[in-house]
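Trainee: Before I rely on the labels attached to this model, I would like to go through how each of them is justified. Could we take them one at a time?

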Amino acid sequence: MGGNFTIWCWHQLLDMSIQLYKAGDGNYLTYTDPAGSEAEFPITSARRDHGGSYTCRYSNRTDPPAYSEPSDPVQIIVADPSLPRPSISLSLTSVTASGAGATIRCQGQRRDVRFFLHKAGDLNLQRQMDPAGDGAEFLIPTVGRQHGGSYSCSYRPRSEPFVSSQPSDTVQLVVAEPSYPKPSISISPRWGVSLGGAVTVRCWGQRQDMRFMLNKEGRHFPPVDSDGFEAEFSSSNVRREYGGSYSCSYHSRSEPFTMSYPSDPMELVVRDPSLPRPNISLSPTGVTAPGANVTIWCQGPRRDMRFFLHKAGDLNLQRQMDPAGDVAEFLIPTVGQQHRGSYSCSYRPQSEPFVSSQPSDTVQLVVAEPSYPKPSIFLSPSGGVSLGEAVAIWCKGQHQGVRFVLNKEGRHFPPVDSDGLGAVFPISNVSREDGGSYNCSYHSQSEPFTVLDPSDPVELVVRDPGLSRPSISLSPAGVTALGADVTIQCQGQRQDVRFFLHKAGDLNPQRHMDPAGAGAKFRIPTVGQQHRGSYSCSYRPLSKPFISSLLLLLAGQVEQGVGSPGGVIPMGGNVTIRCRHQRLGIRFLLYKDGDGNYTNFTDPAGSEAEFPITSARREHGGSYACRYSNRKGNTGYSEPSDPVQIIVAGANIIIRCQGQRWEVRFFLHKAGDLNPQRHMDPAGAEAEFRIPTMGRQHGGSYSCSYQPRSEPFVSSQPTALLDFTDTNIVRLALSAVVLLVLGLILADAYYSCPWGGCDTRASKCPLVVGSADEGIRRTWFVSPPLTACLFVTPEGSYPKPSISVSPGGVIPLGGNVTIRCCHQRLGLRFLLYKDGDGNYTNFTDPAGSEAEFPITRARRDHGGSYTCRYSKRTDPPDYSEPSDPVQIIVADSSLSRPNISLSPNEVIDPGANVTIRCQGQCQDVRFFLHKAGDLNPQRHMDPAGARAEFRIPSVDRQHGGSYSCSYRPRSEPFVSSQPSDTVELVVAGRTNPTQPGAAPAPTRPGSPRPGPPPRQDYPPFAILRLSLAAGVLLALVVILAEAAYSWRRTPHLLTPQRPGGEQGWQPEGQMEAPAWELQPPPIPARSLGTETAGHTHVWGQGAVIRPAAPSISVSPPHSPPLPQPPQMRSMHHPACSPHLIPAPTPPPQI
């Protein structure tokens, strides 16, 4: 209604009058005299009365008019939107087989109407029906291919036969084509999708280039053309109404209503997170024997639900059950290997059969395999761990290539594939919930639910610092005689606890006791050698059996392993920790105090292991120990070695001073330091003096003393002073002359050395001293006029090796590269280092003097700067200096290639300015300019944007050549793009280097050309100088040895009484000085030198000076001051300050 339409009439004669008639009207409606043989009768804004049957006729324009026969009628049907649209349905909702019957039903809302059935594209007369009621059924008794199509229906009131309703929706009558095989269907995810999630329905057939239809009752999906044999229907925001049964079919794109039979149906289940998850349990738990009965319980929150049992990986139909209550029991009567697996359950309300709860947690049905031996389990550390620390749970079996499972009641751990015969389960941040009893089992990686019986349990005890530490005491104290009766008492502050007694290194079960009060007594009735050791105790609340107090240690004797010397190293320096013992075929583990687990391990070929630390940082400082264990089988660990200290220059140092009384003030003294002494008033009998950032200026000899606060001018004795006698002055003067001669000889040899390692530009030379020889007392005095340099290689006297990369330049991702290191000696070990790694990355023992380190299938992280060094294979291994670095650049093809251009781009006259532009697609990169055949370092630029301009201001003939560019992200400086295309810089008059006889491309002036390394020849005069220097050095050693011997057997000033009757000089009226004990600190015997105010200070190893039971008393009044020894006065020189450097004691074994 309201639309426009036109009625056309035409004939074959001209100059005729054409009239329009409407059935029911007595006369024509209108007429027209067209110029031709055709007439148009337009009707605008159609109304209900415009509907009807129309005809036309024509006549001549003269009288009397003669009329033609009327035309065939046409009907004008006016659609009235006020009439409700009918609904349409098809009796067969999917594909209809040929020969079957089909019924199309049209349903209206009023009676006394006539229904019409329309088929899209069919020009034949419409089928119509006058039903008795408000609906009509159109029957197609035998469906054929010609019936396929899209149908709709409408109706007209019988009182207004030319007024119609709007047409209904359409239904598709699809006729099956028997030659098309049935397709397949799948839904991902398989077992349902959550509300709001994404789902994909995949359909595939056996014909290409078909159009797939997805079928679901009550919902229409647009068809999808196949990509090959399949098509996907995806939905990104799933709603509840998406749940249901789906099938799919396909048809040729040219015959949309001749289709294959539909696929088998597939259910889409929508998971509603608002439905509570069910609970699941398994009975019996643990490993199930074959043939036993198992029941899986699933409990939901309500009744009227259907429960489903799911088995992971099982594509068969799920088991389901409609229980009377809220619990379903799924019985597996006789368990076999086919039943093993991971089970979960879910439920669906019976009113919404395609809406499901989220699945429950999983339970594991594990079926025992008697052919697998039981594994073993242990903890590291084994004695418990504090809150927040780390612990490792080790499981070991007797089969390789298996998967280990860690079991703890109430907790699930992901499985771990074995590394050899065992696996590690680390817990990095221990909480209270981690305490408990653990066991482990293992299974084949291909059969995850066929396992052996679990290991014996092991307990993880968590130490809670919030629980006050108990106190421990030993009765009788001191050294205990064999056979004596000893009681160890552990006292806490609360009751209802269980006390445990620990013995260091004892792997047997701990003794424990549940006392009635807050203390426990552990009695050892007859002490034997097996009882000696270090004991501690702890307690656990009875309500929390795996939460423990901290340990309190009772000192004892522990047999410890063997270690290697440590010391002070500069920031960025190198140090090696060596561990050794007397057994072969074992594994070494290195521990750092404060770390919850070992920091490194190695399986050496012999009985010694090396743990190198390169480019030392602050965090490398600390106390280290090592232990060893067997490499295979269930075994324990050795006792840890004695600790060694690694002190990094610039790290924090604490000097502790311990007295025997409280309410005193401690003073820290540094020998030769005239600044005011540091002091501290501690709360107890101990003071800690902290040096927050250690530097060279802090080196020296320290001692401490204390003064009672009530008598601030009464002090304990500090360390005894060392004196200089007349004889020593003569010896030291002679030593200085010998040392000066030795320095001149070495200086002359150094400045004429043939190896090219001398630098004559330095006017002032530091004294660089390496590791001091063990057991030799050294004192160095260097005066300002001495300019000769003595260089001692820190880790040996080997020249640095050479290093190369093949192929050089940039390598692609996945490519291969080899790093070669070589030197001039045989039988040495090569070590490869990568800048930024704390340790060496690889080592090898080549048969010759060259080693190869291949890198296959290069990755981005292989890019970097590499060096190598070598050492002896025997003990102690001296190390060479590191080689010069080489760089490996990895080309990543995912980085877009840059563009390059040249301005100007014609032949360039010499002296002109040239700009080479390199354009990339991203910022924060560094651009590199490459010239073909040029071995000099590449020019690079860090532009602010994505383009770099390389300017050549005055072009000369050597600038001509082929240029390209690349870039590297600044965050990954060793990852590069592929190079750009090349541009040619042609300089007028330059010879083409590609033509025969052309000269090679010149390099930048002053740059080194590749060639063989210079031969190291040692002429006779250099050998003579070195021999003379060795003789002078031997004389110096003899002088110093004689001085040391005389020092030991001669009484000295200010020396306190020593055991054996030696008596030092004591000023009259002074109290006898207590004996002092000199103990070498745990730092290396490596000296550091500083140069200040025109003279050189050489700092040696200091000594920690500890009084043996110091006592304080008041000296008589007017005591004469201690005279300064004249030898000390005679040694003071305006240009230097003497320092006596005590000899280091022999180093420990780590």
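Mentor: Let us begin with the whole protein, keeping in mind that this is a predicted model: of its 1150 residues, 39% are buried, and the chain contains three helices and 87 strands.

Trainee: What makes a residue such as Tyr28 count as partly exposed?

Mentor: A residue is buried under 20% relative accessible area and exposed over 50%; Tyr28 has 32% relative accessibility, so Tyr28 falls in between and counts as partly exposed. The same reasoning applies to Tyr31, which is partly exposed because its relative accessible area is 45%.

Trainee: Why is the pair of Tyr28 and Tyr31 called edge-to-face?

Mentor: Two rings pair if their centres lie within 6.5 Å, and planes over 60 degrees apart count as edge-to-face. The centres of Tyr28 and Tyr31 are 5.9 Å apart and their planes stand at 85°, so both conditions are met and the pair is edge-to-face.

Trainee: What makes the pair of Phe212 and Tyr250 tilted?

Mentor: Their centres are 5.4 Å apart, with 50° between the planes, and because that angle is neither under 30 degrees nor over 60, the pair counts as tilted. This pair links distant parts of the chain, since Phe212 lies in strand β20 and Tyr250 in strand β24, 38 residues apart. Both Phe212 and Tyr250 are buried, and the structure holds 20 aromatic pairs.

Trainee: How do you know that strand β67 is largely enclosed by the rest of the structure?

Mentor: Seven of the seven residues of β67, which spans residues 702-708, are buried, so the strand is largely enclosed. Tyr702, Cys704, Tyr706 and Pro708 point one way, while Ser703, Ser705 and Gln707 point the other way, and all are buried.

Trainee: What makes β64 and β67 a strand pair?

Mentor: Pairing requires at least two bridges between the strands, and β64 and β67 are joined by seven, so they qualify, and they run antiparallel. One of the residues involved is Arg665, whose bridge partner in β67 is Gln707.

Trainee: Why are β48 and β52 called edge strands?

Mentor: The open sheet has three strands in the order β48-β49-β52, with antiparallel pairing. Each of β48 and β52 pairs on one side only, and these are the edge strands. β48 and β49 are paired over five bridges, and Ser473 stands opposite Gln489 in β49.

Note on methods: Residues are numbered from 1 along each chain as its sequence is written. This is a predicted model: local features need pLDDT of at least 70, side-chain atom pairs count only at pLDDT 80 or more; totals for chains, interfaces and linings use all residues. Side-chain values use heavy atoms; hydrogens and water are left out. Buried means under 20% relative accessible area, exposed over 50%, partly exposed in between (1.4 Å probe, protein chains only). Helices (H or I, at least four residues) and strands (E, at least two) are DSSP runs, numbered from the N terminus. Rings of Phe, Tyr and Trp (its six-membered ring) pair if their centres lie within 6.5 Å; planes under 30 degrees apart count as stacked, over 60 as edge-to-face and the rest as tilted.
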